[in-house]
Amino acid sequence: MPESRVLDIQRLRSWIGREESASDTISPELVRRFNAAFDIEGVIPSLGDAAPLLINYCLSPPAVSTSLLAEDGHPEKGGFLPPVPLPRRMWAGSTLAFSGPLRVGAQVERLSRVADVAVKEGRTGTLCFVTVDHKSSVAGILVIEETQTIVYREASAAEQASNLSGAAAAPPGSHNRRVTVPASLLFRYSALTFNAHRIHYDRHYAVEVEHYPGLVVHGPLQATLLLNYAAELKGKAPANFTFRAASPLFDDGPIYLHSAEEHGRMKLWTSRRDGPVAMSAEAVWS
């Protein structure tokens, strides 16, 4: 029986409206480790300095006991997120609005709410999309609003999605940059975000169990590279940033950051050499 027939969508949708709050501080030490991971050069961070873009993904990660992790390294299903009975989970994308920079030393309060749960039949099988709204505030002032989409897939669908043979190569942008993503960066980013998903650091698991050709580059890691690239090209951080995963990206070679301005917006995307678009993004200054 297809897995789509056994998904109890009404039970899963009962999670809509569930909330979770968390609090964390952007310490100088966290900023120092983040900058080291991304080879960001500069002075030693001090209290009050602007924090690196998307360091918020390193704040208040779920601190689940190791004994409660599933085989893939994700927390066992249930709790804040609905218990979707599909084995592969990925970050599909996010839309973010920034009201101002986060600063070193700030205590960031985050309120998360499950906004929607939907099941669709895609080209590669059953997909379940869980939408989560996050609101991050400092001293009661909203600084980041984010709508995050998580996608759950059947195991076979994830394997098909990683088969990139025959996919059209990504076009070059007006600006392009070659970036290396060694296994050490993937491991460090997993550590910064307390993310135990084994596809990012356990090569044997990624290749032999989930049948990827190598370690998988995190979606938010790619988003961080693209957002910083956009801010560098424009000379300032955007007010809005959206990113969406299109195909997996692996550590078996350098990746390329591309950008092109279009109607006052900056389009961005990642790819391997001669590979398809891995992540698409858009930055808007207004």
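Which residues in α3 meet which residues in α5?

1. The model discussed here is predicted. In answer to the opening question, α3 contributes L30, R33, F34, A36 and A37, and these meet L185, R188 and L192 in α5. By class, the residues of this contact comprise six nonpolar, no polar and two charged.

2. The geometry of this helix pair can be stated as follows. Helix α3 spans residues 28-37, and its axis lies 10 Å from that of α5, with a packing angle of about 160°. Because angles over 145 degrees count as roughly antiparallel, α3 and α5 are therefore roughly antiparallel to each other. The crossing of the two helices α3 and α5 is left-handed.

3. Helix α5 (residues 183-192) also packs with helix α7 (residues 219-234): their axes come within 10 Å and cross at roughly 105°. That angle makes α5 roughly perpendicular to α7. On the α5 side the contact is made by L185, L186 and Y189, and on the α7 side by P220, L221 and T224. Five nonpolar residues, one polar residue and no charged residues make up the contact of α5 with α7. L185 appears in the contact with α7 and also in the contact with α3.

4. The burial pattern of α3 deserves separate comment. Its buried residues are L30, V31, F34, N35 and A37. Viewed down the axis of α3, they fall within an arc of 160°, so they line one face of the helix. The general background is that an α-helix has 3.6 residues a turn, so residues three or four places apart point the same way. The partners of the buried residues of α3 are β1 (19-25), α5 and α7.

5. Helix α5 may be examined in the same manner. L185, L186, Y189, S190 and L192 are buried in this helix. Seen down the axis of α5, these buried residues are confined to an arc of 160°, so they line one face of the helix. They pack against α3 and α7.

6. L192 merits a closer look. This residue is placed in helix α5 and counts as buried, at 12% relative accessibility. Setting aside residues up to four places away in sequence, L192 touches L30, R33, F34, A37 and C58. Of these partners, L30, R33, F34 and A37 belong to the α3 side of the contact with α5. L192 and P61 are 131 residues apart in sequence, yet their C-alpha atoms are 9.2 Å apart in space.

7. Several backbone torsions should be checked by the reader. Most residues other than glycine have a negative phi. Against that background, D39, just after α3, takes a positive phi of about 55°. F194, which follows α5, likewise has a positive phi, near 50°.

8. Two further positive phi values occur in loops. What is the setting of S60, and is S60 buried or exposed? S60 lies in the loop between α3 and β2 (88-98), and its phi is near 50°, a positive value in a residue other than glycine. With a relative accessible area of 13%, S60 is buried. A139 is placed in the loop between β4 (125-138) and β5 (141-153), and its phi, near 55°, is also positive in a residue other than glycine. At 75% relative accessibility, A139 counts as exposed. The two loop residues thus present opposite cases of burial, since buried means under 20% relative accessible area and exposed over 50%.

9. Two serines in strands are also noted. S259 lies in strand β8 (residues 255-262) and is buried, with a relative accessible area of 2%. Apart from neighbours within four places in sequence, S259 is in contact with G173, S174, H175, Y229, L233, M266, K267, L268 and W269. The second serine, S137, is placed in strand β4. S137 is buried as well, with a relative accessible area of 17%. Not counting residues up to four places away in sequence, S137 touches Q107, V108, E109, L142 and V143.

Definitions and conventions
Residues are numbered from 1 along each chain as its sequence is written. This is a predicted model: local features need pLDDT of at least 70, side-chain atom pairs count only at pLDDT 80 or more; totals for chains, interfaces and linings use all residues. Side-chain values use heavy atoms; hydrogens and water are left out. Axes are lines fitted to C-alpha atoms, for helices over the stretch in contact, and angles run from 0 to 180 degrees between N-to-C directions. Helices (H or I, at least four residues) and strands (E, at least two) are DSSP runs, numbered from the N terminus. Angles under 35 degrees count as roughly parallel, over 145 as roughly antiparallel, 65 to 115 as roughly perpendicular and the rest as oblique. Contact means heavy atoms within 4.5 Å. Ala, Val, Leu, Ile, Met, Phe, Trp, Tyr, Cys and Pro count as nonpolar, Asp, Glu, Lys and Arg as charged, and the others, Gly among them, as polar. A crossing is left-handed if the near helix is turned anticlockwise from the far one by less than a right angle, and right-handed if clockwise. Buried means under 20% relative accessible area, exposed over 50%, partly exposed in between (1.4 Å probe, protein chains only). The arc is that of the directions from the helix axis to the C-beta atoms.
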